[in-house]
Amino acid sequence: LILLLLVLLAAGVPISFTVGIVATVGLIGLLGPARGITSIVQMHYHLWNDFSYTCLPLFIFLGHLMHRSELGKELFHFARLWVGHLPGGLAVATLVACAIFAAMSGSTVANAAVVGLVAISQMVAYKYDRRMAAGLVAAGGTLGILIPPSNAMVLIGIAAEESIGHLFMAEVVPGILAFLVLSAAAVLICKRTGAYEPLPRASWKERLAGTREALGCLAIPVIILGGIYSGVFTPTEAAGVAVAYVLVFVLLTRRVSPAKMADILTDSGKTVAMFAILVPAAIALGNVAAMLQVPQAATEYIAAAGWPGWAVILGTMVLILIMGCFLDGPTIVLLTIPTLAPVIRALGYDMLWYAVLVVLNTEIGLLTPPVGMNLFVIQQVSGVDLPDVVRGTIPFILVLLVVLVIVALFPSLSLWLPRMM
């Protein structure tokens, strides 16, 4: 089965079909043709017949809607008015815009594209290093899957059968930490190189005016996170309310034309269709591994070998980091979590904490060639050569690795907020 998976991936078969084929072959081999095919069909039906999982297509549509409605300009202008006067202020404003947009879209690609279209040209105009600007937006875009709502966390919740609401809360503090450390690194780089032009401090009148203009955007993360944390909404209900709010907002403000809405629905439908096949297929593949007793065998082997738990965590992190050089985040999550989750729980670790480590690791994978998705997105929206984008991201990859180590050493950063719910 592993060989078949590798052959299909190397042949360029779409990942959703690859996983579906391997899972179907495994179920047929274990259960016979009739029961195997029936089983995988039933898995698809039962998964998407669960109301709680409809938050995934809703958040996907929300991400596409936010991307195409060009809200990045308002967010960047709002952030620039408040922090633009600081040393490296435009870099910090870029990360503020990334963080706010991340709390609305849940998509790292949309985050990097929307903010990058506005921020990179602004930073270059104020004498910021072009490579650093591109690398900063590529790294800032990864906040899209670390700050809730996160599509990656929805997938982990489905694959590991964990509360999606608790997973969202588990990534809040690490997400804020990543934002703060990335901001500090950007300011230090700007001060050390001197490659920036200070902006005048905005007046309070300008700041208040900019804030009023951005209130429509700023209300979105309040609706999503406030609703979930206060218990008013489930994650699925929060997704529905957020989609309804944004639809009304962008239509009333004429940010989206009927023609553009048709394109948004088409693009969202394509993405949802891919996940509609991939998610249940990956869970089916996890069931095949369970029937073959792979998690049990791995746990018994670890116990017999006397490996400490931290060594197992480190080994899986290295594996995911390597996979990140070749696969995208959702694929990594769906290929690893169904098999790894029972092992992690058997070792006595909290799955909420481990999920945050996985998401942080897949963030780094989005910045590593040859398949670093954010690198290609930034290259397309900025016109900066890909090698320069890669070089610009290196300092920020090191920063994210530091954040990964901190979260690994201090699990309470991920766990205290979910435990308060």
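Two rings of Phe, Tyr or Trp (its six-membered ring) make a pair here if their centres lie within 6.5 Å. These close-ups come from a predicted model, and a search of the whole structure turns up five such aromatic pairs.

**View 1. Tyr128 and Tyr196, a tilted pair.** The two ring centres sit 6.0 Å apart, with 50 degrees between the planes. This pair ties together distant parts of the chain, 68 residues apart. Tyr128 comes from the loop between α7 (108-125) and α8 (130-141), while Tyr196 belongs to the loop between α11 (172-193) and α12 (204-230). As for exposure, Tyr128 is buried, at 4% relative accessible area. Tyr196 has 21% relative accessibility and so counts as partly exposed, given that buried means under 20%.

**View 2. Tyr245 and Phe249, a stacked pair.** Here the ring centres are 6.1 Å apart and the planes meet at just 5 degrees, so we call the pair stacked; the cut-off for that is under 30 degrees. Both residues ride on helix α13 (residues 235-252), and because they are four residues apart there, about one helical turn separates Tyr245 from Phe249. Tyr245 is partly exposed, with a relative accessible area of 25%. Phe249, at 15% relative accessibility, counts as buried.

**View 3. Arg207 over the ring of Trp204.** This one is a charge over a ring: look for the charged end of Arg207, which sits 5.0 Å from the centre of the Trp204 ring.

Definitions and conventions:
Residues numbered from 1 in each chain as written. Predicted model: local features only at pLDDT ≥ 70, side-chain atom pairs only at ≥ 80, totals over all residues. Heavy atoms only, no water. Phe/Tyr/Trp six-rings, centres within 6.5 Å; stacked < 30°, edge-to-face > 60°. Helix = DSSP H or I, 4+ residues; strand = E, 2+ residues; numbered from the N terminus. Buried < 20%, exposed > 50% of the residue type's maximum accessible area, 1.4 Å probe, protein only. Lys NZ or Arg CZ within 6 Å of the ring centre and 35° of its normal.
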